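Grab a pencil and work through these short exercises on strands, helices and overall chain dimensions. Each task comes with a solution that goes step by step.

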Amino acid sequence: MTEPRELNIPLGPLPSDVEDVHGERMILQMGPQHPATHGVLRIELETDGEMAVRAVPHIGYLHRCFEKVAENMQWPQIVPYTDRLDYLGSMNNALGYVLACEKLFGIEVSERVRAIRVLAAELNRVASHLVAVGTYGLDIGAWTPFLFLFQQREHILDLFDELSGSRLLYNYIWIGGLSHDLPDGWLKKVRDFLVYMQPKIPELNTLLTYNKIFLERTGKVAVLPAETAIQWGVTGPNLRGSGVKWDLRKIEPYSGYETYDFEIPTGTGEAGRVGDCFDRYVVRVREMEQSLRIVEQAVQRLERMPADDVRAAIPKTFSKVPVGEIYFRTEATKGELGFYAVSDGKSKPYRLKCRTPSFCSLSVLSKMSPGLLIADVVALVGSLDIVLGEVDR
Amino acid sequence: MSFGPIFIFLLAGACFVALALGASRLLAPHRPNAEKNSTYECGELPVGSPWIRFNTRFYVIALIFLVFDVEVLFLFPWAVVLKEMGLFAWLDMAVFIVILVVGLAYVWGKGDLDWVRPKDSSAGSAAGSR
Amino acid sequence: MTVSEIFAKLSAALPGRGLTLEEGAVEAVIRVPREALIETARRLRDESELNFDALMCLSGVDRAAELEAVYHLCSMKYRHRVTLRCVVSKDDPVIPSVCSIWPAADWHEREAWDLIGIRFAGHPDFRRILCPDDWEGHPLRKDYAVPTSYHGIPLTAQLPPENTP
Amino acid sequence: MGVLEGRYGPNVVITSIDKVFNWSRSRSMWPLSFGLACCAIEMMATAASRFDLDRFGIFMRPTPRQSDCMIVAGTVTAKMAERLKRLYEQMAEPRYVIAMGSCANSGGPYWEYGYHVVKGVDLVIPVDVYVPGCPPRPEALIDAFLKLREKIERESIARKTT
């Protein structure tokens, strides 16, 4: 029997307001291989009975050296690697990276390419939220929403399969344009999908959102106040769940987002308190409806636009690029995705740092966990909707 | 009242168990090694030992569960023969259930059913206690 | 406010502390010596007109001779942005930690230490964050020698022998 | 060692037990859902309603104690390799490994500059079936299970004669 390491970790203080529940403390490893950690995240929980007194997240189990790879690849070759950061929102990652490069190199793309990019990014946001909401139902113990939502997601994956050739990681948005033009009849299929998807979100609401057990498990649990969220750099649905109306598609519009009409849902404390797990969840559900509205407007716009060459603005070679550095941020599915690119004129970036939303959302976990029950820590991790490919890069 | 069928029933039960355990003992691969026997904790080495003193509240909750589990155990055979036994059996069981409901009310009132939840404290932690 | 106005306000408030403004191709960057970093950061956050309450991104860069920490800050209220750059030499790569001012910097600084090797003085829990704790070297350095194995597990690419069909 | 195991050559009695064992093992393969990266999402999509692994008797189990095969879905990094080996050891025999995706097969897109990536999971644990693709389509994963079935059907509990 391999000798377990002795208890060399200093025991944290017991929150003062807990009545006398003096049992001994235990270190529990919610380890890399755990159904509720959405990937390879290890949370070292120090529990007193059922209550987590201290939670230390350990990451790095999926550190795939994105930044070292990016320094050895040419500018356009990095797009497939950005897809693999947040592998649920690949279109949005590629869009964030490509817009940073286009602004650094001073490349302008046509109106039609911008519209196609918005359409693809918003469809991808819906697919990503479907997974986030589906697995959150699994964390709380509801099997049906997971299967129900994955079935809807398969329709979106079919659309992407036809658009870019692959289901999950697309390499579709290139620097200066797109890899393929819209296949003919594709917009018609997107319209059919919008009609098909219309009743599904209300159906999800009856299935999960207003389910008594779900409300009981997520209402008033793990409240993230707006002030703490801003200080810790939490962005995206997690920040909007705390009532802060902050969405980069409205604050710093890119790729033509200012011409689309959509609202920003924020948490209103329906199930107890503003900023609890339910608010972060319900913001994602409402965001899906808004994204479908954007997709509808984009489809109408694209149907009226004349076809043009989507590869017109793609530079022939990347050997001579302007020198300089830029930090460009976009609203990816999980929050603010920023790319800090430093170019020294060569065909490969000198340094490419990417600030990912899940990395910052996860850092708040150790601050919010003390005092939660173990089952509530699971609900908290699920509501933060982190993807480990993005956390570890 | 011949006891033959009961004996056959017991015999069948016993040899079914023997067959299941015996077959796996005979035929299944059995290669224990230190790594395989180590405790599974999500792929990590366990820190400290799980043999610790738990709060007494969990013991009380386990007891309460046991009481009502046994109650349900008595309900099953009773429910099967209720139609033949008529009102007398119904009254008899009603008394039994009332006693247990009184017990449940007492325990609920005393707050032993509440899971170990700290009070609703400052920002960033703790759910409301019910 | 534009970066030059912010810089003017800062250099007025902190005279003689060596703050310089570098005009970049896309955006201007304020260069801050490490002695004045904490002072500048606290002023950037607490000044009512500046109010930089969100640290967007903290990245370490390995310039040939020096290491550089680049801070991208943004104000949620005024929605203006500023970039700070703090450069230290490679043999004394210590920069004061801004964790006390922006808690978001906590994990970013640990990552800058882990991958680039900039040491942040005053960080509450200073450990490697991505690579294992006993990983030697800082991988994003330009002169980094990639290890061939870790705890007995080979890390080199097992290329097939030359003449396989 | 089991009492009967490894003593007799293959003959009429044992082969008939083999058929029963191999049939039951291959038709109810419980994988350890070992989701690492992008391939894990495709694995979930395979297990979900459209491609539905349940019809093959495949039911995802979170613990190695109750699983027969391990799907390594994603990039195996140096930090994760030890845990992966420990989880593999903690699985009960007979156990199989499916390396899903080119990251698990050979390091995938990170083979050249990934200093922290193990170039292929077969450097850590023995692998039975490799699934190409990045990420492999759900049909490819189902095909991997069918290949694994063929492999199991050729097994025998008798001593290895070759």
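**Exercise 1. Find the residue that stands opposite A:Phe328, then work outwards to the sheet around it.**

Solution. Start with the pair itself: A:Phe328 faces A:Phe339, which sits in S7(A). Keep in mind that this is a predicted model.

Next, look at the two strands. S6(A) and strand S7 (residues 336-344) of chain A run antiparallel and are joined by nine bridges.

Now add the rest of the sheet. It's an open one with three strands, in the order S6-S7-S8 (chain A), and the pairing is antiparallel. Strand S6 (323-331) and strand S8 (351-355) of chain A are the edge strands, each pairing on one side only. Ignoring direction, neighbouring strands here are turned by 10° against each other on average.

**Exercise 2. Work out which helix lies across S6 and S7 of chain A, and at what angle to S6(A).**

Solution. The helix you want is H3 (residues 90-105) of chain A. Compare its direction with that of S6(A) and you get about 145°.

**Exercise 3. Describe the open sheet of chain D, from strand order to helix packing.**

Solution. First, the order: four strands run S1-S2-S3-S4 (chain D), with parallel pairing. The edges are strand S1 (31-35) and strand S4 (129-131) of chain D, and each of them pairs on one side only. On average, neighbours in this sheet are turned by 15° against each other, direction ignored.

Second, zoom in on one pairing. Five bridges hold S1(D) to strand S2 (residues 69-73) of chain D, and the two run parallel. Within this pairing, D:Pro31 has D:Cys69 of S2(D) opposite.

Third, bring in the helix. H5 (residues 138-153) of chain D packs on the sheet, where it touches S2, strand S3 (96-100) and S4 of chain D. Its direction makes about 165° with that of S4(D).

**Exercise 4. Say how the elements of chain D follow one another, and whether its radius of gyration agrees or disagrees with a compact globule.**

Solution. Count the elements: chain D has five helices and four strands. Reading from the N terminus, they go α-β-α-β-α-β-α-β-α.

Then check the radius. A compact globule of 162 residues would come out near 15 Å, and chain D has 17 Å, so the two agree. The C-alpha atoms fill a box of roughly 55 × 35 × 25 Å along the principal axes.

Finish with burial and contacts. Of the 162 residues in chain D, 50% count as buried. Among contacts in chain D with a separation of 6 or more, 81% come from residues 24 or more positions apart.

Conventions: Residues numbered from 1 in each chain as written. Chains lettered and ligands numbered in written order. Predicted model: local features only at pLDDT ≥ 70, side-chain atom pairs only at ≥ 80, totals over all residues. Pairing = 2+ DSSP bridges. Axes fitted to C-alpha atoms, helices over the stretch in contact; angles between N-to-C directions. Contact = placed C-beta atoms within 7 Å. Rg over C-alpha atoms; globule rule 2.2 N^0.38 Å. Buried ≥ 20, exposed ≤ 12 C-beta atoms within 10 Å, placed from the backbone.
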